[in-house]
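Visitor: I'm new to this, and I'd like to know where the words come from. Can we look at one together and have me keep asking why?

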Amino acid sequence: MGCATPSDDGGAAEAAAPDAVPPVAPVAVVGAGRGGLGGPPPEGAGGRPLFAAAWAAIEDARIVPAELAVRRTGVFLEAGHFPADTAAHRELARFLGLRGPAVVVPGGSGSGAAPLAVRSLRAGRGDLALLGCAVPGEGAGVLVLCRLADALAEGRRVHAVLGEERGAPRADGAGAGDVAALLRAVTAPHRVESARRLAGSRLVLAPSPVRRRRLVALAGADEEQLARAVRAVAGRIERQGEDLPAVVAAGEGPHRLFAAASRADRLPALLRERLARGEGAVRRVPPALLLRFPDAGEAGTDPLGGRGLLADPVFRAALDECDRVVRRVTGSSVTRELAAGAGRPVLCRAGAPLLAPFAVRVALARTLESWGLRPRATRGRGVGEVAAAVVAGALPLSEGARLLAEPTGRRPARDAVAGALAHAAGTGPGPVAFWPAGQDAPAGLGAPRAVRQVRLAPCPLAALEDLAGRLWCDGFDIDWTVVAGRPRRAVPRVPVLVTVSGRTERARARNAARLAGHLTGADGAALLDAAYTAAHHRPHLEHRATVVADSAGEAVDALSALARDAPHPAVVSGAPDGSALAVLFAGAGARWRGAVRELYRDHPAFRAAFDEARTALDAHLPLPLAAVVFAPEGGVDARLAEEPEFAAALSFACERSLFRFWEAWGVRPGAVAGHAVGGLTAAHAAGVLGLDDAARLVVAGARLTARAGASPRDFLDAARDCAFAAPARTLICPATGARVGPGTRPGTGVRSPGYWLRHTLGPAAPADLAAALRAAGYHRSLECGPVGQSRALLSALGELHVAGEEIAWPEVFGGTGALAADLPPYTVPAPHPLQLTGSG
């Protein structure tokens, strides 16, 4: 076999066909769009079908046009019916702001636009390519191409694959319909089902290596009930054809039958054949599942077993978790090297060739667990033994990666692995038992007949699905919805922020109306996916709006109001004005206690920053800050929040955590300012004070202002132990409104203890910092004050986005389980006249 596959009971695994991709560095088709040409007529784009087709292809590829401008993106147009003196390729490049090659390939040139685009990507002369054509009276079409390895590493959807076949004759010319034929093949209802060489060309068009099969899992209380289920499902498939869901699971009972095929129309015959052969299994009590992980050298040469796994959301999430750990250990990406399929050269050069096999084994096991197949015990050999310990929970993922990151062949490293595994085996029994090599079976695992051993090694996705089918027939419970690539997700507890934009207010209104129609009747998960896609995979044009919604119904109401130009409390709309942003720290004291709990519960970034701050503050407080913050209402400890030192500590911890939270969401203010304890928070945010020093001065200042036996000398003594750095960002002085920057000399101004003594003993009435910020050129300000709800945070984020602030959308939606989804197309913006005249 070309690659190792899962097998059970020591028997040979069912062979699975390797991913069918063309030879010679294949290129992925990741987007397709039409302006006419069998699709909808072009809308917007100045009536230019080519521009409309390019915009639709970019949206289909889920690429933000601004991304094209910072990557090397080429334009390759098939001459066909373009005029001989056409400038369409240059106009399209200017329209999208591209900086790659832009060419029109004439007929009879010995090559075509498609081969030229493929070779350009293979040679590394570009990262993306727009391959286009036009047909008079019909419209235009565009395909978005990139290297397959890049598409898989970046998690892009792959429609089909293009490559050049070695030894095939070179094309003697480019027909006018080559790109149009490719477009029709890629967008056909059944897509590309098998590899084929294009006539008169060395190009091979092949199916996506990440396509999924159709699965059927049927059950019945007896053979007759199972037979009725087969007849019902076969009839349903014959009626619905390819409109059938990815998985059909029906019935309950011990009599079970499983079938899988690449096309739905092949399933009825397969189901009837298997039923006639009596393949329906009967198993009432499932056996105990033992996962056995082979060593790296025992599982074939392919470390992944099939790149189609990278498109499975569950496997990809597990692999990405391993990838984050490996990046911290080695600085290299497991995911990118597996996508390239090039033998992990970077990790090998880093002396850590075992990390990719380790990550794949852990991700495979976690995929099975998400499908409902949790093992009773794990064991393995070599790198597989470390993976087995991690899967069983006997060894942390980070520790497993660290042990395997040591260069192979070093005796201390091998001893460290053996010692860690011996310790893991002695940590006591858990839900999953770890069975180290050379030791007896874990107690209670069961007799040999009651144990199903599965050898889990790199394999194609189809082989993993077949394994799930066999185990399901043996009585295991399988979550077929997850197997089909749709992870189970809880409806988010917090509201979501929905973004929409347009080149004009009218275009924004049309886009809002389309999005409202798309969300009508949607559930919470669909709303989340739409919000994530609109924010991260759609352009943010000049006229923007945001909606904060707890439900799809509320989002529909707000978007519909926006489309009618009617007011709605959940809508923020406007256009970026280019003004600079500053953050203001209010020093709210005990008022934070009511707000911190929800922020701490719902937002991991805030929670992590708050835990860091309270740890630093606890060194100077008589009672841990958490005991006051999270004390029951009305209790003695809760009332301590009104005491000066705890009020100041709470204010600093919350403001500092909220600032770090905003930073995690991409907000980067040009200046900071604050009064009272907020002035110390601002100094910390500006980089003048480290966390420990800021915590020391916060508590010392609170005691001084309360005059609880503290004197100015006590504060100065505390301040002299602090290190004062030059501000890394502009700090506005609360007393004078002056700007303080990186040129501040040591021992002067904010870099001196005396300054902070004067700040602490200054007037209770704060200066008008908002006016000072405006005078300094910062006309937008974000106040880090008590906010009691996630909705208020998202509303503030929406205002920042509408005003032009760059937002880190993946971080905003991080941890929510949001997935990219297809959304209604945006109105294509009309090109600016300068984009059609050679300027700009």
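Guide: Sure! Let's start with two helices: H18 passes H20 in a left-handed crossing. Keep in mind that this is a predicted model.

Visitor: Why are H18 and H20 called roughly antiparallel to each other?

Guide: Look at the angle. The axes of H18 (residues 505-519) and H20 (residues 552-563) cross at roughly 155 degrees and come within 8 Å. Angles over 145 degrees count as roughly antiparallel, so H18 and H20 earn that label.

Visitor: Which residues in H18 and H20 meet?

Guide: On the H18 side they are Arg508, Ala509, Ala512, Ala513, Leu515, Ala516 and Leu519, and they meet Ala552, Ala555, Val556, Leu559, Ser560, Leu562 and Ala563 in H20. By class, this contact of H18 with H20 has 12 nonpolar residues, 1 polar and 1 charged.

Visitor: How do you know what H18 packs against besides H20?

Guide: Start from its buried residues, which are Ala507, Arg508, Ala509, Asn511, Ala512, Leu515, Ala516 and Leu519. Those pack against strand E18 (496-502), helix H19 (524-536), strand E19 (543-549), H20 and strand E20 (571-574). In this model, packing rests on contact, and contact means heavy atoms within 4.5 Å.

Visitor: What expected length does H18 come close to?

Guide: H18 has 15 residues, and at 1.5 Å a residue the expected span is 21 Å; from first C-alpha to last it reaches 21 Å, so the two values agree. After H18 comes glycine 521, with a positive phi near 80 degrees.

Visitor: And how do you know whether the span of helix H25 agrees with what it should be?

Guide: Same check. H25 (residues 644-664) has 21 residues, so at 1.5 Å a residue it should span 30 Å, and its end C-alpha atoms are 30 Å apart, which agrees. H25 is also mostly covered, with 18 of its 21 residues buried. Glycine 666 follows H25, and its phi is positive, near 95 degrees.

Visitor: Why are H22 and H27 called oblique?

Guide: The angle decides again. H22 (residues 604-618) and H27 (residues 691-706) pack at about 55 degrees, with their axes 8 Å apart. Roughly parallel needs an angle under 35 degrees, and roughly perpendicular covers 65 to 115. About 55 degrees fits neither, so H22 and H27 are oblique. Their crossing is right-handed.

Visitor: What makes up the contact of H22 with H27?

Guide: Glu612, Ala613, Ala616 and Leu617 in H22 meet Leu691, Asp692, Ala695, Val698 and Val699 in H27. Sorted by class, they give 7 nonpolar, no polar and 2 charged residues.

Visitor: H27 has another partner, H28. At what angle do H27 and H28 pack?

Guide: At about 175 degrees, with their axes 9 Å apart. That angle is over 145 degrees, so H27 and H28 are roughly antiparallel to each other. Arg696, Leu697, Ala700, Gly701 and Leu704 in H27 meet Pro712, Phe715, Ala718 and Ala719 in H28. This contact has 7 nonpolar, 1 polar and 1 charged residues.

Visitor: Let's try single residues. Is serine 790 buried or exposed?

Guide: Its relative accessible area is 2%. Buried means under 20%, so serine 790 is buried. Serine 790 sits in helix H31 (residues 790-802). Leaving aside neighbours within four places in sequence, serine 790 is in contact with Val494, Pro495, Glu598, Asp602 and His603.

Visitor: Then why is arginine 125 called partly exposed?

Guide: Arginine 125 has a relative accessible area of 48%. Buried is under 20% and exposed is over 50%, so 48% falls in between and the residue counts as partly exposed. Arginine 125 lies in the loop between helix H4 (113-122) and E5. Arginine 125 and arginine 72 are 53 residues apart along the chain, yet their C-alpha atoms are separated by 7.7 Å.

Visitor: What makes helix H3 mostly covered?

Guide: A count: 7 of the 9 residues of H3 (residues 88-96) are buried. They are Ala88, His89, Glu91, Leu92, Ala93, Phe95 and Leu96.

Visitor: And how many of the chain's residues count as buried?

Guide: Of its 840 residues, 53% do. The chain has 32 helices and 25 strands.

Terms used
Residues numbered from 1 in each chain as written. Predicted model: local features only at pLDDT ≥ 70, side-chain atom pairs only at ≥ 80, totals over all residues. Heavy atoms only, no water. Helix = DSSP H or I, 4+ residues; strand = E, 2+ residues; numbered from the N terminus. Buried < 20%, exposed > 50% of the residue type's maximum accessible area, 1.4 Å probe, protein only. Axes fitted to C-alpha atoms, helices over the stretch in contact; angles between N-to-C directions. Left-handed = near helix turned anticlockwise from the far one by under 90°. Nonpolar A, V, L, I, M, F, W, Y, C, P; charged D, E, K, R; others polar.
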